[in-house]
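Thank you all for coming; I would like to take a few minutes to walk through a structure that may be new to you. Please have a look at it first, and then we will go through it part by part.

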Amino acid sequence: MGAGAAARVAGAVGAFLDGPVPVRIRAWDGSEAGAAPGPGVPTVVLRSRRALRRLLWEPGEMGLAHAYVSGDLDVDGDLAEGLSAMWSLVNSGTITKRRPGATELLGLAAQAVRLGLLGTKPAPPPEAIKIKGRLHSRRRDRDVIAHHYDAGNAFYSLLLDASMAYSSGYWTSEDSTLARAQHDKLELICRKLDLAPGRRLLDIGCGWGSLAVHAAREHGAQVRAVTISREQRDHVNARIRAEGLAGQVQVDLLDYRDVAEKITAVDGPFDAVSAIEMGEHVGDEHYPTFAAILHGALRPGGRALVQQMSRGANAPGGGAFIETYVTPDMVMRPVGDTLTFLQHAGLEVRDVHVMREHYVPTIRAWLATLEERFDEAVSLVGERGARMWRLYLAGGALAFEENRMGVDQILLARPTDRGRSGMPATRDDWAVRSRTEAGKPGT
């Protein structure tokens, strides 16, 4: 092997690297070149010349994403392992760039002609959306949420466990399942919020109702839930009817900015407020308003819990792919910056629970389900949509594993005028232990 298009591509790539090409390349004509096959060596499959044309026009993350989602490029074998291997090569310094000389550039131009790469810029796949309007305006926020969360309840029912929790689980033991991890996460939140029969919870950005239903069914809470996704609202209403919770749970199609006027002023204040992986969609400009709404919705002595994705001070967070394909306008900031917003609103930070490692098995469980039921996913969201989700989940698990993204549970209190928080002295009151630990004497 080594002759044909793959050898020309490997030669062109090698001109920009200070060292050998570290991946195996398989081209549309069946030829292969580059690194020798072996463990830890990903094989990049170029299914058409258009894959290279995309990379020429947009080198880097977006060119690769467009090529993968469109089906012009593949990674042979397990995508997550391939992405991990390529990221490790970059991280370890194995791949280092260099600038080709003038003679080399002329030769590369001739290779491009021979490979048939000259031409207009390929259009991105239609799944790469462009959101219009002022950043975080009500209309734009609705369009962003509709793009991602209104993909269809049938698709999310396929991907998620029965609780329909679309946020990080809480893995209390090595033998936990996704369903157990999500149950334990919901139970942890309810215990942190000290929910009990008759206590009132406001759930802002309720998703498909996992927390609202759990709080009502398992803890007897009265729940008011809000979302701006019609698909989610309809699903939650169906769950309320199916579980006989019409007297305990109410869900409203409502923007968080209207909570103070339409809910708190009428039915507030609440004993507890939650926002589970919703604050990422608010943005820096509006986060002080969001924090003030949390504070205003709580009675003195009440508690709030915010579970929210974050990034390190020098980490990229979501990146261009997520911004383009998944959730445009999502803001991930260092957790300390979020705490400052919340404190300025008058909330007292009582506990910060870093759950970054818990997101890795959560996402990998979703990805495993997607792979097992890929044909069904294609029937629901199309081939490109299913490929987009595969890339999103594989890359997301890697980002949390390698500390480029994080997720944190922030427990807050609204102290009384005399500074009373009503919080217990230790964390024991809300601990959720593994089933093994729970069976030990004294636990």
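Let me begin with the residues of H9 that are buried, a word that stands for a relative accessible area under 20%, with exposed meaning over 50% and partly exposed in between, for a 1.4 Å probe and protein chains only: these are Ser 210, Leu 211, Ala 212, Val 213, His 214, Ala 215, Ala 216 and His 219. I should say early on that this is a predicted model, in which local features need pLDDT of at least 70 and side-chain atom pairs count only at pLDDT 80 or more, while totals for chains, interfaces and linings use all residues. Residues are numbered from 1 along each chain as its sequence is written, and side-chain values use heavy atoms, with hydrogens and water left out.

Helix H9 covers residues 210–219, and because 8 of its 10 residues are buried, the helix is largely enclosed by the rest of the structure. When I say helix or strand, I mean DSSP runs numbered from the N terminus, with helices being H or I of at least four residues and strands being E of at least two. What, then, covers the buried residues of H9? The cover includes helices H8 (178–192) and H10 (230–242), together with strands E5 (200–204), E6 (222–227), E7 (249–253) and E8 (270–276). Just after H9 comes Gly 220, which has a positive phi, near 70°.

Let me stay with two of those covering elements, starting with strand E7, where we find Gln 250. Gln 250 has a relative accessible area of 38%, so it counts as partly exposed. If we leave aside its neighbours within four places in sequence, Gln 250 is in contact, meaning heavy atoms within 4.5 Å, with Val 223, Arg 224 and Ala 225. Its C-alpha atom is separated by 8.9 Å from that of Val 236, a residue 14 residues away along the chain. Turning to strand E8, the loop between helix H11 (259–267) and E8 holds Pro 269, and the peptide bond from Gly 268 to Pro 269 is cis, with omega near -5°.

Helix H8 has a loop on either side that deserves a moment. In the loop between helix H7 (153–159) and H8 sits Met 164, whose phi is near 60°, a positive value in a residue other than glycine. Is Met 164 buried or exposed? Its relative accessibility is 5%, and therefore Met 164 counts as buried. In the loop between H8 and E5 we find Asp 194, which also has a positive phi near 60° without being glycine, but Asp 194 is partly exposed, because its relative accessible area is 35%.

Let me move on to a pair of helices. Two packed helices are described by the angle between their axes and the distance between the axes. Helix H13 (residues 319–326) and helix H16 (residues 374–401) pack at an angle of about 145°, with their axes 11 Å apart, where axes are lines fitted to C-alpha atoms, for helices over the stretch in contact, and angles run from 0 to 180 degrees between N-to-C directions. At this crossing, Phe 321, Ile 322, Tyr 325 and Val 326 of H13 meet Met 388, Leu 391 and Tyr 392 of H16. The residues of this contact divide into 7 nonpolar, no polar and no charged, where Ala, Val, Leu, Ile, Met, Phe, Trp, Tyr, Cys and Pro count as nonpolar, Asp, Glu, Lys and Arg as charged, and the others, Gly among them, as polar.

Near the start of the numbering, Gly 4 lies in the segment before helix H1 (5–14). Gly 4 counts as partly exposed because its relative accessibility is 29%. Beyond its neighbours within four places in sequence, Gly 4 is in contact with Asp 29 and Ser 31, and from C-alpha to C-alpha it is 8.2 Å from Ala 27, which is 23 residues apart from it in sequence.

To close with the chain as a whole, there are 17 helices and 11 strands, and buried residues make up 53% of the 443 residues. Of the contacts with a separation of 6 or more, 73% are between residues 24 or more positions apart.
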